[in-house]
Amino acid sequence: MRGEWLLIECIRHEATVMAVGRTPIGLEPLDTALGAQQLHTARLAISQVRATGQRWEEFSRSRDEHVIAEPIANVLGMVHGVRLWIGTLDDQVPPRTRSGAWDWNLDKMTALATDELHALYAVPPERRRTEISRVSSLRHVTAAEDPAEALAAALSADQSLVYQSTWQITRDDQVRRDINWAARGGMVGNQRFLHGLTHDITEGYDEDAPLPPRTFAEALVDADLDGGPDVYYALVDLKTLTAYRWLGAEMPGVAWELTGDPAHDPALHPDDLSIARQIARAVQYGPATGTVRLRDTSGGWLEVDVEAKRLVLTHTPEIATALVEITRPGSGNPGLTAGE
């Protein structure tokens, strides 16, 4: 491992190794992943960075050792990870891979994203915001082996949750990249959070990752969601009535990104909250339909027809979300119909 950048996850008290170079490691304890000679150096460097939040570098002639440790902090300055390189005095420091820290507020349904994370996704400067919607945080994901399992973990997250996975994204410059990410549950005040790190593991810096094999399940989903033009689909949290992500194209005109202006941020019309709650209850018995008003990008309200179906994510039926089909209304006022 000497001579390669290590990605150290340190969201909790005990630091773990998340990756060696571009190769993900299963959050192994330092004393398992590192040899005795590296272990002392790594612990010292990591503790320095965690204590100060600053980059740390050391040259040791007695050990013929050059050490660099860089913090990966979240937007609040909490060190979620450390990029660590240990080499000899004659070694050339290799380029480091892209990584970034993030936090999901599971109760508020927003995410905190650093500039490093935005850069990993090649987000244009004008779209980079510290606080983003959960829909925005997942908008780059194009392929994942375990989306249902990951979403179920987020829905039921507590302080014991530890999760790691590899997904494929399409950056805003349309370059495909494979990313590995790790998350731990936690509490900030009385709100549930996921704290995490994302790491670009694709070779090179701006080359496309190979397309993953297409699965039968993906083919079935695509066929089921082929509703034709002007039909859009979203996954919606049944408790908070907010969206996780679009499945396919985003509906034009609907506000789904945070703007910093509450009058233009994503929202349900206050008068339609009762209808949305009725739909959320009704999907326990079967598909439920209704008409509600969503905030549009101009700050007004866009009336839409919705059909919601309960989507069970694991063998535990209580862990579920809603698959919502959204279309322009044919006629009528806000209302609800549901069949048990």
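The second largest pocket holds about 840 Å³ of space. This value, like the others in this report, was computed from a predicted model. The lining of the second largest pocket is made up of 40 residues; Leu241, Thr242, Ala243, Pro266 and Ala267 are those nearest its centre. Several elements supply at least two lining residues each, among them strand E14 (231–236), strand E15 (243–246) and strand E16 (288–295). Helix H7 makes the greatest contribution to this lining, with four residues.

**Helix H7**

Helix H7 spans residues 273–282, and its buried residues are Ile275, Ala276, Ile279, Ala280 and Ala282. They lie on the same side of H7, because they cover an arc of only 165 degrees around the axis. A general property of helices is relevant here: an α-helix has 3.6 residues a turn, so residues three or four places apart point the same way.

**Cavities**

Two cavities of 30 Å³ or more are found when the whole structure is searched. The largest cavity contains about 60 Å³ of space. Its lining consists of Trp5, Leu6, Leu7, Gly21, Arg83, Arg96, Thr97, Ser99 and His199. Which strand gives the most to the lining of the largest cavity? Strand E1 does, with three residues.

**The two open sheets**

In general, the strands of a sheet pair through backbone hydrogen bonds, in either a parallel or an antiparallel manner. Two antiparallel sheets are described below.

The first of these is an open sheet of seven strands, in the order E9-E8-E7-E13-E12-E11-E10. Why is one side of strand E9 (131–133) and of strand E10 (141–144) left without a neighbour in the sheet? Both strands stand at the edges and have a single partner strand each, so one side of each remains without a neighbour. On average, neighbouring strands of this sheet are turned by 35 degrees against each other, direction ignored. Helix H5 (residues 147–155) packs on this sheet and touches E7, E10, strand E11 (162–170), strand E12 (176–188) and E13. The direction of H5 makes about 130 degrees with that of E11.

The other is an open sheet of six strands, also with antiparallel pairing, in the order E3-E2-E1-E6-E5-E4. Strand E3 (23–29) and strand E4 (56–60) are its edge strands, and each pairs on one side only. From one strand to the next, the twist averages 20 degrees. Helix H2 (residues 36–52) lies across strand E1 (5–9), E4, E5 and strand E6 (79–87), and runs at about 140 degrees to E6.

Within the sheets, individual strand pairs can be followed residue by residue. Strand E7 (residues 99–105) pairs with strand E13 (residues 191–200) in the antiparallel sense over seven bridges. Aspartate 103 has histidine 195 in E13 as its bridge partner. E4 pairs with strand E5 (residues 65–73), likewise in the antiparallel sense, over five bridges. Here glutamate 57 stands opposite isoleucine 68 in E5.

**Residues with positive phi**

The table lists two residues other than glycine that have a positive phi value.

| Residue | Phi | Loop | Relative accessible area |
|---|---|---|---|
| Aspartate 64 | near 50 degrees | between E4 and E5 | 35% |
| Alanine 122 | near 55 degrees | between helix H3 (115–120) and E9 | 22% |

Are these residues buried, partly exposed or exposed? Aspartate 64 is partly exposed at 35%, and alanine 122 also counts as partly exposed at 22%.

Key: Residues are numbered from 1 along each chain as its sequence is written. This is a predicted model: local features need pLDDT of at least 70, side-chain atom pairs count only at pLDDT 80 or more; totals for chains, interfaces and linings use all residues. Side-chain values use heavy atoms; hydrogens and water are left out. Buried means under 20% relative accessible area, exposed over 50%, partly exposed in between (1.4 Å probe, protein chains only). The arc is that of the directions from the helix axis to the C-beta atoms. Two strands pair if DSSP finds at least two bridges between them. Axes are lines fitted to C-alpha atoms, for helices over the stretch in contact, and angles run from 0 to 180 degrees between N-to-C directions. Contact means heavy atoms within 4.5 Å. On a 1 Å grid over the protein atoms alone, a cavity is a set of points where a 1.4 Å probe fits but cannot get out, and a pocket is an open set with protein on both sides within 12 Å along at least five of seven lines; lining residues have an atom within 4 Å of a point. Grid points are joined across faces, edges and corners, and a volume is the space filled by probe spheres set on the points.
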